[in-house]
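Colleague: Please take one part of this model and go through it closely. I would like a single connected account rather than a list.

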Amino acid sequence: MISTKQVIQLALISAAGIAYISIGHFTAISDHPPLVAILFGIIPLGAVALVTAWNSRARTPSLLLLAAFALAVILNLENLRNHAAWVYFVQHAGAMILLCIMFGGTLWGGHANALCSRIAQFVIIKPLDAHYLHYTWKVTLVWTIFFAISAMVSVSLFFFEPIEAWSVFANLLTPLLLGAMFAGEYLIRLRVMPNRVHFSITETIHAYREYSRRHNPR
């Protein structure tokens, strides 16, 4: 059962996501967007990079590298305004590639080693049988393929099609496709593995965030 607090959090996250998507789309297709729109696109990526650098084993070199990158961005804000689409392209294609590597890199070493298998074992306390782990391995494979295709489509549209086509895919369609992937997997799981312990889409996302937080090396 989802609590009222979780519903509010989900609503706020959804509202922020819609705002980010809308601004990203109109910024990407604009020839000279306002500076605040550029910063709106950079800050979330910078925040993620800062957390990653802070939690890295090589904290000091990572933070210094991030500081150098931030300085370069500040000194080139006007150039970024003239090439706003690149800011969002690097974020989108880069995120898809990194996620593909992150999921795909866990496909080796047995079904229990797959990322979705690890998350399932993290959420479900009792040991999972081979059938369940085989299923979560296949889910990890599907996510890997999804991110790989998304990255290739993003690169192809950005370089070979009008920027408006790329922006529609990256800023508008990608969130819908991600939602469809989560919903589709949940419905398939209910069908192919009835009478099992299942967690909702919201719980799946929360479990992944919690798993990442606890297993992030320091």
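**Helix α7 and its surroundings**

Modeller: The second largest pocket has a lining made up of Tyr135, Lys138, Val139, Val142, Trp143, Ala180, Met181, Gly184, Glu185 and Ile188. Two elements, α7 and α8 (163–192), give two or more residues to that lining. The space in the second largest pocket comes to about 160 Å³. This is a predicted model, and the rest of this account follows α7.

Helix α7 covers residues 130–160, and its 31 residues should span 45 Å at 1.5 Å a residue; the end C-alpha atoms are 45 Å apart, so the expected and computed spans agree. At the N-terminal end of α7, Asp129 acts as the cap, with a side-chain oxygen 3.0 Å from the backbone nitrogen of His131.

Two of the lining residues, Val139 and Trp143, also belong to the largest nonpolar core, where they are among the residues with the most contacts inside it. That group also includes Phe103, Cys116, Leu128, Tyr132 and Phe147, and the core has 18 residues. At least two residues of this core come from each of α5 (84–104), α6 (115–123) and α7. The largest share, 8 residues, is supplied by α7. An α-helix has 3.6 residues a turn, so residues three or four places apart point the same way.

Leaving aside residues up to four places away in sequence, Trp143 touches Phe103, Cys116, Leu178, Met181 and Phe182. Of these, Met181 is also in the pocket lining. There is a second, separate core of 16 residues, and Ala84, Val87, Phe89 and Trp166 are included in it.

Technical notes. Residues are numbered from 1 along each chain as its sequence is written. This is a predicted model: local features need pLDDT of at least 70, side-chain atom pairs count only at pLDDT 80 or more; totals for chains, interfaces and linings use all residues. Side-chain values use heavy atoms; hydrogens and water are left out. Helices (H or I, at least four residues) and strands (E, at least two) are DSSP runs, numbered from the N terminus. The expected span of a helix is 1.5 Å times one less than its number of residues. A polar contact is a pair of N or O atoms within 3.5 Å; within protein, one must be able to donate a hydrogen and the other to accept it, and residues adjacent in sequence count only if both atoms are side-chain atoms. A nonpolar core is a set of buried Ala, Val, Leu, Ile, Met, Phe, Trp, Tyr and Cys residues joined through side-chain atoms within 4.5 Å. Buried means under 20% relative accessible area, exposed over 50%, partly exposed in between (1.4 Å probe, protein chains only). Contact means heavy atoms within 4.5 Å. On a 1 Å grid over the protein atoms alone, a cavity is a set of points where a 1.4 Å probe fits but cannot get out, and a pocket is an open set with protein on both sides within 12 Å along at least five of seven lines; lining residues have an atom within 4 Å of a point. Grid points are joined across faces, edges and corners, and a volume is the space filled by probe spheres set on the points.
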